There are 4 protein chains.
Amino acid sequence: MAKLARKEREYRTRRAEIITAAERVFSAKGFDKTTMEEIAREAEFAEGTLYNFFKGKIDLYLSLIEEKSEELLGYLHKQVSKAVGAGEKIRCLIKAQMGFFDKNRNFFKIFVRERNSFEWMAQKDRTKRLSKVYQTYIDFVARTIKDDLKRGEFRNLNPRETAYALAGLLNSFVCRWPKSSKKERLFDQAPFLTEIFLKGVQKSR
Amino acid sequence: MAKLARKEREYRTRRAEIITAAERVFSAKGFDKTTMEEIAREAEFAEGTLYNFFKGKIDLYLSLIEEKSEELLGYLHKQVSKAVGAGEKIRCLIKAQMGFFDKNRNFFKIFVRERNSFEWMAQKDRTKRLSKVYQTYIDFVARTIKDDLKRGEFRNLNPRETAYALAGLLNSFVCRWPKSSKKERLFDQAPFLTEIFLKGVQKSR
Amino acid sequence: MAKLARKEREYRTRRAEIITAAERVFSAKGFDKTTMEEIAREAEFAEGTLYNFFKGKIDLYLSLIEEKSEELLGYLHKQVSKAVGAGEKIRCLIKAQMGFFDKNRNFFKIFVRERNSFEWMAQKDRTKRLSKVYQTYIDFVARTIKDDLKRGEFRNLNPRETAYALAGLLNSFVCRWPKSSKKERLFDQAPFLTEIFLKGVQKSR
Amino acid sequence: MAKLARKEREYRTRRAEIITAAERVFSAKGFDKTTMEEIAREAEFAEGTLYNFFKGKIDLYLSLIEEKSEELLGYLHKQVSKAVGAGEKIRCLIKAQMGFFDKNRNFFKIFVRERNSFEWMAQKDRTKRLSKVYQTYIDFVARTIKDDLKRGEFRNLNPRETAYALAGLLNSFVCRWPKSSKKERLFDQAPFLTEIFLKGVQKSR
DNA sequence: AATGAATGAGATTTCATTCAT
DNA sequence: AATGAATGAAATCTCATTCAT
């Protein structure tokens, strides 16, 4: 039993190493320009070994996005659930997401890029799994917004549409960020974005 | 003389046909998954013919983006220059862009997707030409915002950063739109987005 | 009649222009790397026009070699026929060939390169026409040697084998010549080569 | 340890098989007309496999020439170093080279053909590596000649120029040889060539 | 379970030749 | 007779995946 557990632990460790290596390469080169050979080298495994952990390149890519997104959502959930008061959940959501991406820059690139392309992908399998990921993400944002909106002095907006607007606002910094100095944190942009958004959705007076 | 002019006209026509065909395929599959063979088939030319008009696949792709972007910017410029009154230019910009994308759905997909990926491209040549395109676009948005902000009751925000925020807001609908019914127009979302943005940037009271 | 003759003259002129242009390009790039497009540009004709004068690329190439070789042989013949005295024909042959190549550097490159490759060419048609050219050349050299050998104090060597030896000797400078200054003439090497050869074949004492 | 050594051995074997197959095809068709597909078929490997051993077509070609030339030079060196007596080194060199080419007919074709064309190659990379090969070869011949000339009753000739003459003499048989019966050996021509050359360079009396 | 050499389908690009004008 | 745009076959090279060790 204990022995099996150790095996299981080792399996997970190696799998995670591969995911991390893949994250580095995919984020730097994009899906198509990344080769299995390079991921293998980065992970310090042989090429063939990758296929013991993942069905293929696409599966590795999707698994990476799914698992990291789950992590992101778990983190957002935990942070947001603490917040109380009108607009506080949204404020908290923005801060949390920025903070998460600061610590996961590589994943950030993949997440945003893919979010803007996956819909019109030819590969149906790829589309389906990705679709689920982003639906879950948007659903969570929409729910957060809904909770906040109803309790505060906000306009009566469609939460789902508003969620897209907020997501777009957050993503917008993707284009500038890679250029800016490595030291600059997304987190510091949170107040700027928060203010625009909250004012944007508040009730007219 | 007349003959030369006709040749030139025919050349332009064929070139435009190729660009349009390329637009369809690139928008459906993305750059890497698109093959020259498919563009050729779509354009009803032989593969080799494409190389009489463009240096290669990348050149075709970039030319498409550059020329369509110029068209977009020209259109935006024309529309925006008519507007007067506080916030009117921004309102007009949003409406114009949405209208343009309604008529150029395929290009829209390419434009937005590329805008979110080009920064970390490997190919330096591709990056350079794209960079110029998006700089020009953001510059225009920033200038429009600046003009409007100073004349209205708006907060004193950095125009460039605000431009990114607005661009992100507009782009945000890319993820939903392809799914929604073909009849639904981006143009109809303009008021919703405009309101969020204008309120978001106005002076606190 | 006169009109036809003028047409004929013009035809020949244009044909010669193409040959000369082809000579320049073929000598610079070799057969395979040369494109019809480049020959056309160099000759200031359209690509299609070349096909009114030659059946295709290979035909153009072979025609060029054949006609220039005829010219070379005619020249050698004329020069050598003047010579009298033991070894004089050979001496004269070497001088004449070097002189001709000094004036036809482009053709020289083609001639020597092709001489060393044609035998194992895949294209049978090409081989046959080239074979004839070089046989004629070697035949002439062999005949010249034979004439000379029998009248002088020379060993009784197989003229054909000796002709190959002489041809090899002459060609040997091809590798150095393109490197040496443009001003340096092959003609100046004639005495050096002549001496080696004549001594090499004379009777032992 | 033993395992690694075996892998290494197998690698070398396969690499050599490819080189040999390439030698056959290149010698029969020349560089440009040879396709990787044909080399692969000849070597009984898949096309892609060739690229595990060589960077590309040119690299394969140059590697072949470089390695075979090294073999040739090593062999010549060994043979010539044994010779003593005036003219003996040169006699030995000619015999050795002819003997080597008898056993490496395919390589012989490539070596001679390339030697006569490489100078005006477009590809700079190809030129550079080849240049080195032929410089080394000529240097060796020149040194051999120099050693011999100074000890014998020979004229005071420039060793380098004389080396070119000798190389030309040896190469001259390339044109006849492929035609002649397979049984005929270059080696048998050695005395004929040796005599012409040695007499050609000896002191006048 | 891990390896990495071999595979071969598939992509881009070139260019001799044709043919409508 | 001259043109040059269109053609499409053919060549090089890449890389995800397999499989014998």
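These questions and answers walk through a predicted model of protein chains with two DNA strands.

Visitor: How many disulfides does the structure hold over all chains?
Guide: A disulfide is a covalent bond between the sulfur atoms of two cysteines. The cut-off here is a pair of cysteine sulfur atoms within 2.5 Å. Over all chains, the count of disulfides is zero.

Visitor: Is A:Cys92 buried or exposed?
Guide: Buried means under 20% relative accessible area. A:Cys92 has 17% relative accessibility, so A:Cys92 counts as buried.

Visitor: What is the distance in space between B:Lys82 and B:Cys92, C-alpha to C-alpha?
Guide: B:Lys82 sits in helix 4 (residues 57–82) of chain B. B:Lys82 is exposed, at 56% relative accessible area, whereas B:Cys92 is buried at 17%. The two are 10 residues apart in sequence, and their C-alpha distance is 8.7 Å.

Visitor: How many salt bridges are there over all chains?
Guide: The rule asks for a side-chain nitrogen of Lys or Arg within 4 Å of a carboxyl oxygen of Asp or Glu. By this rule, the count over all chains is 62.

Visitor: Why does the pair B:Arg155 and A:Glu195 join two chains?
Guide: The two form a salt bridge, with the closest N and O atoms 2.9 Å apart. B:Arg155 lies in the loop between helix 7 (124–151) and helix 8 (159–171) of chain B. A:Glu195 lies in helix 9 (residues 190–201) of chain A, so the pair joins two chains.

Visitor: Which is buried, B:Arg155 or A:Glu195?
Guide: A:Glu195 is partly exposed, with a relative accessible area of 36%. At 12%, the buried residue is B:Arg155.

Visitor: Where does the salt-bridge partner of D:Arg155 lie?
Guide: D:Arg155 forms a salt bridge with C:Glu195, at 2.9 Å between the closest N and O atoms. D:Arg155 is in the loop between helix 7 (124–151) and helix 8 (159–171) of chain D. D:Arg155 is buried at 12%, while C:Glu195 is partly exposed at 37%. C:Glu195 lies in helix 9 (residues 190–201) of chain C.

Visitor: What is the N to O distance in the salt bridge of C:Asp188 and C:Arg185?
Guide: C:Asp188 is partly exposed, with a relative accessible area of 44%. C:Arg185 is partly exposed as well, at 44%. Their side chains meet in a salt bridge with an N to O distance of 3.1 Å.

Visitor: What span should helix 8 of chain C have?
Guide: Helix 8 (residues 159–171) of chain C has 13 residues, counted at 1.5 Å a residue. The expected span is 1.5 Å times one less than the number of residues. The end C-alpha atoms are 18 Å apart, which agrees with the expected 18 Å.

Visitor: How many residues of helix 8 of chain C are buried?
Guide: This helix is mostly covered. Its buried residues include C:Tyr164, C:Leu166 and C:Leu169. Of its 13 residues, the buried ones number 11.

Visitor: Which residue has a side-chain oxygen within 2.8 Å of the backbone nitrogen of C:Arg160?
Guide: The contact is at the start of helix 8 of chain C. The oxygen belongs to C:Asn158.

Visitor: Which helix gives the most to the surface near DNA strand F?
Guide: 30 residues surround DNA strand F, with A:Met36 and B:Arg14 among the closest. Sugar and phosphate make up 62% of the strand's atoms that come within 4 Å of the protein. Helix 3 (47–53) of each of chains A, B, C and D supplies at least two residues. With five residues, the top contributor is helix 3 of chain C.

Visitor: Which residue has a side-chain N or O atom 3.1 Å from a base nitrogen of DNA strand F?
Guide: Other contacts go to phosphate oxygens of this strand. The side chain of A:Tyr51 reaches one at 3.1 Å, and a polar backbone atom of C:Ala46 reaches one at 3.0 Å. For the base nitrogen, the residue is D:Glu47.

Visitor: How many charged residues does the surface near DNA strand E have?
Guide: 29 residues lie around DNA strand E, with C:Met36 and D:Arg14 among the nearest. By class, 10 are nonpolar and 12 polar. The charged residues number seven.

Visitor: What is the distance from the backbone N or O atom of C:Lys57 to a phosphate oxygen of DNA strand E?
Guide: B:Lys57 uses an N or O atom of its side chain, at 3.0 Å from a phosphate oxygen. C:Lys57 uses a backbone atom, and the distance is 2.9 Å.

Conventions
Residues numbered from 1 in each chain as written. Chains lettered and ligands numbered in written order. Predicted model: local features only at pLDDT ≥ 70, side-chain atom pairs only at ≥ 80, totals over all residues. Heavy atoms only, no water. Buried < 20%, exposed > 50% of the residue type's maximum accessible area, 1.4 Å probe, protein only. Helix = DSSP H or I, 4+ residues; strand = E, 2+ residues; numbered from the N terminus. Near = heavy atom within 4 Å. Polar contact = N/O pair within 3.5 Å; in protein donor to acceptor, adjacent residues only side chain to side chain. Nonpolar A, V, L, I, M, F, W, Y, C, P; charged D, E, K, R; others polar.
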